[in-house]
Amino acid sequence: MHPPYRGGVHRFLLTPRWWGINVFVALAVPFCLFMGSWQLGRFEARVDSHREATAERPVDQVAAPLDSLLPVDTQTSGRLASASGEYGEQMLVPERRLDGRSGFYVLTLLKTDSGKAVPVVRGWLPGPADPARAPAAPTGRVEVTGALQASENAGTKGVHAQGGLPAGQLGVIAAATLVNLVPHDLYDAWLTVQTPADGMLPVPAQAPTNTGLDLKAFQNLGYTGEWFVFAAFVLFMWFRLYRREVEMLRDREAGLLDPSDPAAAAAPATAAEDQSSTGIAPVR
């Protein structure tokens with residue numbers, strides 16, 4: 001059975017060494033909790049954006065003017081947009097899959113009344129990209145309605161970002177890739193027609209980038225757990241060091257420590273030793 005505690009047994013907590021440990025714990029725990037909460041907030045934001053981006057649009061949705069829906073965000077992505085003008089240059093977008101089959105998009109630039117051009121995916125055809133199979137765009141003035149999409153990038157699923165495509169083909173549907181190919185100012189968006197003609201199949205609207213419950217989203221959730229575990233580990237180590245110090249004090253007061261043991265020499269002074277060395281009785 002351990003001997004009874006003497007007064008001032010916890011005075012070791014006021015030593016410079018323990019001041020440093022206590023300050024570290026006081027800063028580390030709130031920091032870990034803050035970082036864990038921040039990562040959890042990012043995961044919840046991705047869940048909300050995924051839910052918003054994949055929500056079904058009303059069947060009777062009315063198309064809005066293209067300019068009123070820009071820039072594309074999670075609320076406007078997939079919305080029906082309308083634009084008027086004349087079709088111009090036509091390109092093919094190869095290696096695009098639809099319903100498990102490989103094919104290509106037929107993309108035509110629409111020169112709108114605003115002076116800018118917007119890429120319009122008029123439909124999808126199976127097989128290798130072949131200009132001879134791509135239907136010609138209507139001539140004259142047209143009114144186009146399609147689902148609004150954000151510009152693609154090299155990280156967008158399904159794009160051909162390696163380059164090396166033949167003339168007349170496009171790997172990434174984006175103003176950044178078209179700016180050097182066509183002599184028009186471009187909208188930073190594109191449209192996909194939902195009722196294509198000439199035997200083409202419609203290209204469904206895709207959720208915007210970074211809105212899906214992908215690996216990055218679950219990484220945020222994993223980081224959340226890690227930061228909370230770090231906070232618990234810091235508290236555990238503090239408590240373990242505290243228990244070790246208390247046990248060494250008990251053993252020292254009971255005369256169980258070997259004076260030649262380095263651990264004994266490093267053990268904090270007992271309350272009785274404090275009184276003998278200072279002449280001041282500890283508070284009981």
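How much area does the protein chain expose, and what share of it do carbon and sulfur atoms supply? In this predicted model, the exposed area comes to about 16400 Å², and carbon and sulfur atoms supply 59% of that figure. Of the 284 residues in the protein chain, 37% are buried. Five helices and seven strands make up the secondary structure, and from the N terminus on they follow the order α-β-β-β-β-β-α-β-β-α-α-α. Among the contacts with a separation of 6 or more, 64% join residues that stand 24 or more positions apart.

It is convenient to start at the surface, close to the beginning of helix H1 in the numbering. Leu14, Trp19, Val23 and Leu27 come together there as a nonpolar surface patch, and their combined accessible area is about 460 Å². Leucine 14, one of the members of this patch, belongs to the segment that precedes helix H1 (16-54). Its relative accessibility is 61%, and leucine 14 therefore counts as exposed, the cut-off for that class being over 50%.

A contrasting case is offered by glutamine 169, which is found in the loop that runs between strand S5 (141-150) and helix H2 (175-178). Is glutamine 169 buried or exposed? With a relative accessible area of 19%, glutamine 169 is buried, since the buried class covers values under 20%. Leaving aside residues up to four places away in sequence, the residues touched by glutamine 169 are Leu92, Pro94 and Ala129.

Aromatic side chains come next. The structure contains six aromatic pairs. One of them joins tryptophan 227 and phenylalanine 230, whose ring centres are 5.6 Å apart and whose planes stand at 90°, so this pair is edge-to-face. Both residues belong to helix H3 (residues 215-253), and because they are three residues apart, about one helical turn separates them. Phenylalanine 230 has a relative accessible area of 40% and is thus partly exposed.

Helix H3 also carries the pair of tryptophan 238 and tyrosine 242. Here the rings are stacked, with 5.5 Å from centre to centre and 0° between the planes. Tryptophan 238 and tyrosine 242 are four residues apart, about one turn of the helix. How do the two partners fare in terms of accessibility? Tryptophan 238, at 25% relative accessibility, is classed as partly exposed, while tyrosine 242, at 19%, is classed as buried. These two residues also take part in a wider arrangement, as ring pairs link Trp18, Trp238, Phe239 and Tyr242 into a cluster. A further contact with an aromatic ring involves a charged side chain: arginine 122 is placed over the face of tyrosine 87, at 5.9 Å from the ring centre.

Attention can now turn to the charged pairs. How many salt bridges does the structure hold? There are five. In one of them, the side chains of glutamate 152 and arginine 96 meet at 2.9 Å, N to O. Glutamate 152 is in the loop between S5 and H2, whereas arginine 96 is in strand S2 (residues 80-98), so this salt bridge ties together parts of the chain that are 56 residues apart in sequence. Glutamate 152 and arginine 96 are both buried.

A second salt bridge joins arginine 141 to aspartate 113, with 2.6 Å between the closest N and O atoms. Arginine 141 is in strand S5 and aspartate 113 is in the loop between strand S3 (101-112) and strand S4 (116-126), so parts that are 28 residues apart in sequence are tied together. Both partners have their own place at the surface: arginine 141 is exposed, with a relative accessible area of 58%, and aspartate 113 counts as exposed at 53% relative accessibility.

The salt bridge between arginine 243 and glutamate 247, at 3.4 Å from N to O, brings the account back to helix H3. Both residues lie in that helix, four residues apart, about one turn. Arginine 243 is partly exposed at 41% relative accessibility, and glutamate 247 is likewise partly exposed, with a relative accessible area of 35%.

Methods
Residues numbered from 1 in each chain as written. Predicted model: local features only at pLDDT ≥ 70, side-chain atom pairs only at ≥ 80, totals over all residues. Heavy atoms only, no water. Patch = residues over 30% accessible without salt bridge, like charges linked within 9 Å, V, L, I, M, F, W, Y side chains within 5 Å. Areas by Shrake-Rupley, 256 points an atom, 1.4 Å probe, with all protein chains shown as cover. Salt bridge = Lys/Arg side-chain N within 4 Å of Asp/Glu carboxyl O. Helix = DSSP H or I, 4+ residues; strand = E, 2+ residues; numbered from the N terminus. Buried < 20%, exposed > 50% of the residue type's maximum accessible area, 1.4 Å probe, protein only. Contact = heavy atoms within 4.5 Å. Phe/Tyr/Trp six-rings, centres within 6.5 Å; stacked < 30°, edge-to-face > 60°. Lys NZ or Arg CZ within 6 Å of the ring centre and 35° of its normal.
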